[in-house]
Protein chains: 2
Amino acid sequence: MTKNESPLFDRVALIGVGLIGASLGLVMKREGLAGHVVGCARSQATLDKALELGIVDEAVADPAAAVKDADLVMLCTPVGAFAAAAAAMAEHLKPGAIVSDVGSVKQAVIADLTPLLPEGVHLVPGHPIAGTEHSGPQAGFADLFKGRWCILTPPEGADAGAVEKLSHLWTRAGMEVEIMDAEHHDVVLAVTSHLPHLIAYTIVGTAFDLEESIMPEVFKFAAGGFRDFTRIAASDPVMWRDIFLKNSDAVLDMLSCFTADLDTLKHAIRQGDGKTLEDLFTRTRAIRKGVVEAHQD
Amino acid sequence: MTKNESPLFDRVALIGVGLIGASLGLVMKREGLAGHVVGCARSQATLDKALELGIVDEAVADPAAAVKDADLVMLCTPVGAFAAAAAAMAEHLKPGAIVSDVGSVKQAVIADLTPLLPEGVHLVPGHPIAGTEHSGPQAGFADLFKGRWCILTPPEGADAGAVEKLSHLWTRAGMEVEIMDAEHHDVVLAVTSHLPHLIAYTIVGTAFDLEESIMPEVFKFAAGGFRDFTRIAASDPVMWRDIFLKNSDAVLDMLSCFTADLDTLKHAIRQGDGKTLEDLFTRTRAIRKGVVEAHQD
C-alpha cells in the first residue's frame, strides 16, 4: 500500500488465527490490504502468539467484539465451529459487512450460515486450496497461497461488489481465483482432497495398529511410499473431522467407488491376473502427466 | 578409484538398465567400483541409450553373453522377469560369481532363483529402497541412492565375503545397509511401500473413471492431496504388477487390515461420530513425528 492508496478493507476480523488465518493476516500486512486486523481465538496463548508475531493488530476472545465495525469477517476456524461463531456475532455485524470463510466444504457452510446472518450482510464463501501439515499461528507464512487456486462459491444473488473484493484479496495473496457452484466444489474436492486424506489417515492408522515390533522399521523404511501418506495424515485433526462430517455425502459416494475399485484389484492379485494390474497402472501413469501439465506439481 | 586401487568387481553385468540399473551403473563409474560394466536389455533402444549415456562399457541383448566372466550379476529388471533371466544365464555363470538383485520383494526372488543357480554361485538378494516415478536409462542418476536404506536378505549359509562386497557396493552408493530376513522384509515393505502404492493406484484410477467433465478440475485442484497420489501412481506399471503378484500374501494381509479400518471410518462418517475420526487423526499425526524423527523426510 502506498500512502495514497486506501486499503481494500478498513477493518478485518479473522475468526481463528491458525495456519490459514495467520497466513492471511500476514498477506494483508504485506500487501497493505487492511487498515486494522482483529484476531479472534478461544485460546489466550493463540491470541498472544498472533499479536507477538505481528499477524494481527488486536486480539480478542469474543467474536461479538471482534466483528464490531468490521468490513470483512473471515471465518478461519474448522468448519464445524462456523455456526456457533456466526450465532455469537450475527447481531453485531455491521450492515454491508462481508462474511467469508476458508473452509474446505461449501454447501454445508452456506446451509449453516445463511439462516444466521442478518439481511444486508454479504455471504461469499471461499476456499483457498493451500495448506501444510502444521497448525497454529506460528505455522503461518504469507507465501502459503502463492500459485494456488482459490475457489469462491457465492450463492445465487450474492453481491457482485463483495465477490469482486474477495477475488481481489485472494489475487493479492498470489492465488488464481475461480468462481464455482458450491455443490460442484464439494464433489471435486471430495475427489482431489477429502478422499485422499481419508485414505491416508486410514493407512497410517492401519500401520499404527500392527505389532509394536514393526513400528520402528515402518518409520525407518517409510521412504518407499508410506512417507507421503504420513505427511497428509498429519493434517489438523479437528479441521479434518469437520470436513468429513460436513461433506459426508460426497465423501461417502467417492468412497464407494474407491472400495469397489480396490476390490477389483484385490481380486486380480488373488487370481494372479497381471493384465488387470498392468492396464490400470498404465492408465494412472497418464493421469500424472495431466497433473504435471496442469502445473499442479 | 585411484590408480593403485583395484575395483571392487572386475566385471559386472547389469541385467536391466532402467532407472535403478542405470543409476547403479553411474555410481559404479563415479566410484570406480567396476573394471568393466556390461549392460543387458531386450530393447536395442535401451542398450543404445545406456551406452550413449556412459552408463555401461558394453551392451548386449543376450543374458548368457552378458554374464560371461562377470564377478557380479545384478538383476535390475522387474522381479517377474528374474526367473527367465536366471534360466538363460545360469550355465554361463562363473564359479564364485555373486548374483544379486534390486527387487522390492525378497522371498519370491529367493524361491525363484535358488533352484536355477549352479553350486558355487553366491546368491545375495538385495533391495535398495530408492526410486522416482520415472523409468528407463535416461531417468538414472548416481545420487538416487544417497541417504536411503538398502536391505540385504542373504539366505541362511550365504557366503559372508559376498555379503560384505555387496554391503560395500551399496555403502559407496551412499546407502545405509541393513541385513534382514526375507520374510520380514516382505511384511515391512508391504506396509511401507506396496500397500501405499496399491491404494494410490486405486484412487487415481477411481478419479479417472469419473464423468469426463470433472477430470480437468481434478487436474487443476490436485494440490489438495490428490497430487501426491498421482506421483506414486505414476511408478513403473510392469515393475509394480510384478511386486503385487510376487508379494501377494503379505499385500493381501495388509489390505484386509486396511479395508477393515476403512469400514470403521466409513461407519463413523455415516453416523456423524466425530470422536472416532478425531481420535484416529490425532494418533496418525503422532506417527508423522516418528517418521520425521527417523530422518525419513
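## Two chains and a helix crossing

H12(A) and H7(B) are roughly perpendicular to each other, because their packing angle of about 70° falls within the 65 to 115 range that counts as such. This is a predicted model, so keep that in mind while you look around.

Let's stay with that crossing for a moment. Two packed helices are described by the angle between their axes and the distance between the axes. Here the partners are helix H12 (residues 274-293) of chain A and helix H7 (residues 182-208) of chain B, and their axes are 9 Å apart. On the chain A helix, Leu280(A), Phe281(A), Arg283(A), Thr284(A) and Ile287(A) make the contact. From H7(B) come Tyr201(B), Val204(B), Gly205(B) and Phe208(B). Sorted by class, the residues of this contact are 6 nonpolar, 2 polar and 1 charged.

Now zoom out to the two chains. Between them, 78 residues of chain B are in contact with 78 residues of chain A. Which element gives the most to the side of chain B that touches chain A? That's H7(B), with 18 residues. Other elements giving two or more residues to that side include helix H8 (215-220), helix H9 (226-232) and helix H10 (237-246) of chain B. Helix H11 (248-271) and helix H12 (274-293) of chain B are on that list too.

Chain A itself is assigned two domains: domain 1 covers 9-180 and domain 2 covers 184-293. Their centres, taken over C-alpha atoms, are 30 Å apart. Where they meet, domain 1 of chain A puts in 14 residues and domain 2 of chain A puts in 16 residues.

Here's how the residue classes fall out on three of these contacts.

| Contact | Nonpolar | Polar | Charged |
|---|---|---|---|
| H12(A) with H7(B) | 6 residues | 2 residues | 1 residue |
| Side of domain 1 of chain A that touches domain 2 of chain A | 6 residues | 6 residues | 2 residues |
| Side of chain B that touches chain A | 45 residues | 17 residues | 16 residues |

Finally, the sheet. In chain A, 6 strands form an open sheet with parallel pairing, running in the order E3-E2-E1-E4-E5-E6. Which strands sit at the edges? They are strand E3 (58-60) and strand E6 (122-124) of chain A, each pairing on one side only. On average, neighbouring strands of this sheet are turned by 20° against each other, direction ignored.

For a closer look, pick out strand E4 (residues 72-75) and strand E5 (residues 98-101) of chain A, which pair in the parallel sense over 4 bridges. Leu75(A) stands opposite Asp101(A) in E5(A).

Note on methods
Residues are numbered from 1 along each chain as its sequence is written. Chains are lettered from A and ligands numbered from 1 in the order in which they are written. This is a predicted model: local features need pLDDT of at least 70, side-chain atom pairs count only at pLDDT 80 or more; totals for chains, interfaces and linings use all residues. Domain bounds come from an automatic or database domain assignment. Two residues are in contact if their C-beta atoms, placed from the backbone, lie within 7 Å. Ala, Val, Leu, Ile, Met, Phe, Trp, Tyr, Cys and Pro count as nonpolar, Asp, Glu, Lys and Arg as charged, and the others, Gly among them, as polar. Axes are lines fitted to C-alpha atoms, for helices over the stretch in contact, and angles run from 0 to 180 degrees between N-to-C directions. Angles under 35 degrees count as roughly parallel, over 145 as roughly antiparallel, 65 to 115 as roughly perpendicular and the rest as oblique. Two strands pair if DSSP finds at least two bridges between them.
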